[in-house]
Amino acid sequence: MDAMRFDALARSLAGFPVRRTPIDRVGGSSVPSRRRTHVTSRVVCPTDRVACDGTCLSPWVFQHDAKNCGACGTICAHGAVCCDGRCRDLTSDDANCGTCGAACPAGSSCAAGECI
């Protein structure tokens with residue numbers, strides 16, 4: 001099968017354009033490398049949803065999901081949670097002590113998830 005027929009077949013199966021990158025030489029540094037932190041999405045979502053890794057998510061997810069904190073594919077470190085789109089350690093964060101949004105009063109600090 002020639003390249004034109006292959007591209008036409010791929011387009012019909014995938015539902016979006018196929019891009020070919022020319023390779024001058026096999027092996028060596030002429031082969032382009034593409035690193036991505038997460039899988040891009042070709043999904044078309046309704047206006048109240050955001051495309052993320054092939055699914056349509058509510059914008060609420062990016063504010064509260066430790067696997068998509070602030071943006072698609074941004075993962076919080078072990079033990080941290082996503083509060084308003086930022087990864088937080090609820091055991092020591094004075095502005096989010098024990099739970100998101102629970103700020104410690106002036107003059108106190110957060111230790112083990114409690115204001116002291």
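**Figure 1. How much of the chain is buried in this predicted model.** Of the 116 residues in the protein chain, 18% count as buried. The exposed area comes to about 8600 Å², with carbon and sulfur atoms supplying 55% of it. As for the fold's parts list, there are two helices and six strands. Read from the N terminus, they come in the order α-β-β-α-β-β-β-β. Now for the contacts: take those between residues at least 6 apart in sequence, and 2% of them join residues at least 24 apart. Searching the whole structure for disulfides turns up seven. The views below zoom in on C45–C56, C76–C87 and C83–C100, with a stop at N68 along the way.

**Figure 2. The C45–C56 disulfide, a link between a loop and strand 2.** Here the two sulfurs sit 2.1 Å apart. The torsion about the S-S bond is -95°, and the link is left-handed. The pair bridges distant parts of the chain, eleven residues apart: C45 belongs to the loop between helix 1 (3-14) and strand 1 (50-52), while C56 is part of strand 2 (residues 55-57). Is C56 buried or exposed? Neither, quite: C56 counts as partly exposed because its relative accessibility is 30%, and the buried class stops at under 20%.

**Figure 3. N68, a buried residue in the loop that follows helix 2.** Find N68 in the stretch between helix 2 (59-64) and strand 3 (81-83). N68 counts as buried because its relative accessible area is 11%, and the cut-off is under 20%. Which residues does N68 touch, once those up to four places away in sequence are set aside? The list is C52, L57, V61, F62, G73 and T74. G73 deserves a second look: its backbone nitrogen lies 2.8 Å from a polar atom of the N68 side chain.

**Figure 4. The C76–C87 disulfide, joining a loop to strand 4.** The S to S distance is 2.1 Å in this pair. A value of -85° about the S-S bond makes the link left-handed. C76 sits in the loop between helix 2 and strand 3 and C87 sits in strand 4 (residues 86-88), so the disulfide ties together parts eleven residues apart in sequence. The two ends get unlike labels: C76 is buried at 9% relative accessibility, whereas C87, at 36%, is partly exposed. The loop holding C76 is also where N68 is found.

**Figure 5. The C83–C100 disulfide, running from strand 3 to a later loop.** In this last close-up, the sulfurs of C83 and C100 are 2.0 Å apart. Why is this disulfide called left-handed? The torsion about its S-S bond is about -75°, so that is the hand it gets. The pair connects distant parts of the chain: C83 lies in strand 3, and C100 lies in the loop between strand 4 and strand 5 (110-111), 17 residues apart. How does accessibility split the pair? C83 is buried, with a relative accessibility of 4%. C100, by contrast, counts as partly exposed at 36%.

Note on methods. Residues numbered from 1 in each chain as written. Predicted model: local features only at pLDDT ≥ 70, side-chain atom pairs only at ≥ 80, totals over all residues. Heavy atoms only, no water. Helix = DSSP H or I, 4+ residues; strand = E, 2+ residues; numbered from the N terminus. Buried < 20%, exposed > 50% of the residue type's maximum accessible area, 1.4 Å probe, protein only. Contact = heavy atoms within 4.5 Å. Areas by Shrake-Rupley, 256 points an atom, 1.4 Å probe, with all protein chains shown as cover. Polar contact = N/O pair within 3.5 Å; in protein donor to acceptor, adjacent residues only side chain to side chain. Disulfide = S-S within 2.5 Å.
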